[in-house]
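Reader: Can we walk through this one together? I'd like quick answers.

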Amino acid sequence: MSDKIFHPARESHEIFKASRLTGDATLEDLDSIRKRTSVYVYEAPVRLWHWINAACITVLIVTGYFIGRPLPSMQIAEAYDQFVMGYIRFAHFAAAQVLTVGFFGRIYWAFMGNHHAKQMFYIPLFNRRFWHELIFELRWYFFLEREPKKYVGHNPLAQIAMFFFMTLGLTFMLITGWALYAEGAGQGSLPDMAMGWVLGLVQNSQRLHTLHHLGMWAIVVFMIIHIYAAIREDIMSRQSMVSTMISGHRTFKDDRVE
Amino acid sequence: MGQIETFYDVMRRQGITRRSFMKYCSLTAAALGLGPAFVPKIAHAMETKPRTPVIWVHGLECTCCSESFIRSAHPLAKDVVLSMISLDYDDTLMAAAGHAAEAAFEETIQKYKGNYILAVEGNPPMNEDGMYCITGGKPFVEKLRHAAKDAKAIISWGACASYGCVQAAAPNPTRATPVHKVILDKPIIKVPGCPPIAEVMTGVITYMLTFDRFPELDRQGRPAMFYGQRIHDKCYRRPHFDAGQFVEHWDDENARKGYCLYKMGCKGPTTYNACSTVRWNEGVSFPIQSGHGCIGCSEDGFWDQGSFYDRLTNIKQFGIEATADKIGMTAAGAVGGAVAVHAAISALKRAQKKTEEA
Ligand code: HEM
Ligand code: HEM
Ligand code: SF4
Ligand code: SF4
């Protein structure tokens, strides 16, 4: 093994400077080294928001499910000393507050941040190229294309999903959630003054619960697809995915142009 | 018309003593959540103001509101308010019947034009020109419109007048329609419930008769003092809810211990009413206290929110037995399955490509 390292296949001047590796790099490693381009796409606030948002939504889904369908009764202590449902609801409301602040922060960043920070909030309806690429992306997912295109920001399919499930979906959850919260906070409270009108519109709070509950399942569906797609594209596409949401850099695996 | 009759005159004529009258005034103030300073104000108003006449009409309904009303906990309040009302027109409570009753109806409208309060129990069915509910030989909707035209204000008694109630349940064959969707040009106060609590009814009517205006209303047009909070907010079983201790089956140990009825479909968390504070039958009990969940009778569409015994609403558009959870889990399961298949094909394709390239 070690002699391979000292007898490289290429001349040393052919080897990129940065790839003059130490340690256990093998001949094959050195052979397969290639130049990769990368673009800084997601700025720190977007990445921070992404993971805080993902964590909050996970907490909201678990606790929300148990609000709608509580755990089996428990007998840990006297009722006055036991707070199982209370803590579940507390966690839901606490995560909801963080989610709300985060979402407003994200909207702020859509204005302050780079071009890609805006992508989640709109669909370029009148851009012909967007629709062409959307069809291409669909074909890629139906195994009709051998190779996907490269994208700096979201691909068109992702952009549509982000817009409907997150921009609109989270807005829906925030509105219905705060309207439910306003009921507990009481008439005349701040949440009530901000969101109480929703109950006036929906009329029956039971209906509001059902709408909020259905919204949760829409987000669960998004999560399944989103996480699958992120990992699949990370492996199969020509670009980085998961690490992009961690470091902010989109790395392309090849240098070919379309 | 001669001398104007005041409330006080009417009460004295009904044999109510001054002492009882003062008691009634303080009771009313307390029931309405007003301070002691309001007692003389109520007394003064009743002594000096001309009596407000009330016409009480009945559409498509079961008369449970009237039944509740005449059982008001405080006999004094009941006597007083009833004596003020039955004087004019109420086709189930008044002595007169038939043509005499209809004549009294017309007479009251003419005599007190623009001054009377119209209390509506039940609602008009609108299909077939309102032929599903005939009173006095005419569709009720005509009577309602006629009486509403010269009314000062309208009280919608109960879930029927306020929201439509069971006769408006989907598919609502007679198109039973709540009052505020038929009468559009009058101030309307909703006092929903099936029936509303007697003390709530007398409280609302007393407030209106003495102060000549509606009490403070919530967004849905209900008196905020009685419909401002949910059953759940003041339920004595709430500590068990917060603890996560629920009745799991009827007649289980938890039911005997009086745990929270949430899992048995209690609609207390979504129902605005005063049952958990005022209670029923002279404050003896209320549904939850006797071991049955709230069915949400004072809420719009309570009859169409699935079973009274399910926590989650059945959503009919998705089949007979579909809750949000069933729909969601089916969707998530389908998507999860599709993802798994897609992942498997992706892996195969990738392996294929690799062998091709090699
Ligand atoms: C992605 C976000 C969210 C998810 C997935 C979610 C999920 C749920 C679910 C499933 C329920 C049970 C509904 C039922 O009664 O059947 C619920 C209840 C509730 N949620 Fe959310 N929710 C989210 C966001 C929010 C937000 C932003 C708020 C705002 C404060 C909120 C406040 C509430 C309240 C007040 C309840 C009712 C609690 C109770 O009745 O005791 N939720 N949520
Ligand atoms: C382990 C779980 C997750 C991973 C690995 C992951 C990964 C990613 C990646 C790689 C991107 C960038 C997509 C692209 O490059 O086009 C992204 C974007 C995004 N993800 Fe996730 N994600 C996860 C969980 C979630 C969850 C739970 C949610 C919310 C339900 C979520 C919401 C979003 C949103 C809204 C964006 C768009 C960000 C923006 O444009 O600002 N993610 N995620
Ligand atoms: S019994 Fe009903 S109203 Fe009372 S705490 Fe339980 S859910 Fe709430
Ligand atoms: S407890 Fe609920 S269902 Fe029963 S009378 Fe009160 S509001 Fe109506």
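**Pockets, irons and loops**

Reader: Which helices each supply at least two residues of the lining of the second largest pocket?
Author: In chain A they are H3, helix H4 (84–112), helix H6 (156–185) and H8, and chain B adds helix H11 (238–243). Helices and strands are DSSP runs numbered from the N terminus (H or I over at least four residues, E over at least two).

Reader: What should I know about the model and numbering?
Author: It is a predicted model, where local features need pLDDT of at least 70 and side-chain atom pairs pLDDT 80 or more, while totals for chains, interfaces and linings use all residues. Residues count from 1 along each chain as written, chains are lettered from A and ligands numbered from 1 in written order, and side-chain values use heavy atoms, without hydrogens and water.

Reader: Back to that pocket. What is the volume of the second largest pocket?
Author: About 850 Å³. Of its 42 lining residues, A:Ile67, A:His92, A:Phe93, A:Leu180 and A:His212 are closest to its centre. A pocket is an open set of points on a 1 Å grid over the protein atoms alone, with protein on both sides within 12 Å along at least five of seven lines; a cavity is a set where a 1.4 Å probe fits but cannot get out; lining residues have an atom within 4 Å of a point. Points join across faces, edges and corners, and volume is the space filled by probe spheres set on them.

Reader: Which helix gives the most to the lining of the second largest pocket?
Author: H6(A), with ten residues. By class, the lining has 22 nonpolar, 14 polar and six charged residues. Nonpolar means Ala, Val, Leu, Ile, Met, Phe, Trp, Tyr, Cys and Pro; charged means Asp, Glu, Lys and Arg; the others, Gly among them, are polar.

Reader: Now the metals. What are the protein donors of the iron atom of ligand 1?
Author: A:His92 (NE2) and A:His212 (NE2), lying 2.0 to 2.1 Å from the iron. A:His92 sits in helix H4 of chain A and A:His212 in helix H8 of chain A, so the pair ties together parts 120 residues apart in sequence. Donors are N, O and S atoms within 2.8 Å of the metal (3.2 Å for Na, K and Ca); water is absent, so sites may look incomplete.

Reader: And what coordinates the iron atom of ligand 2?
Author: A:His50 (NE2) and A:His226 (NE2), at 1.9 to 2.0 Å. This pair links distant parts of the chain, with A:His50 in helix H3 (residues 44–68) and A:His226 in helix H8 of chain A, 176 residues apart.

Reader: Why is the arrangement around the iron atom of ligand 2 called octahedral?
Author: Because its six donor atoms subtend angles of 86 to 179 degrees. Six count as octahedral if opposite donors are over 155 degrees apart and all others between 65 and 115.

Reader: Switching topic. How many cavities of 30 Å³ or more are there?
Author: Five. The largest has a volume of about 110 Å³. Its lining has 13 residues, and B:His232, B:Cys235, B:Cys260, B:Cys266 and B:Ile288 lie nearest the centre. By class, that lining is nine nonpolar, two polar and two charged.

Reader: Any backbone oddities in chain B?
Author: The peptide bond from B:Ala170 to B:Pro171 is cis, with omega near 5 degrees. B:Pro171 is in the loop between helix H8 (158–163) and strand S7 (188–191) of chain B. B:Arg175 lies in the loop between H8 and S7 of chain B, with a positive phi of about 55 degrees although it is not a glycine.

Key. Four donors count as tetrahedral if all angles lie between 85 and 135 degrees; four count as square planar and six as octahedral if opposite donors are over 155 degrees apart and all others between 65 and 115; anything else is irregular.
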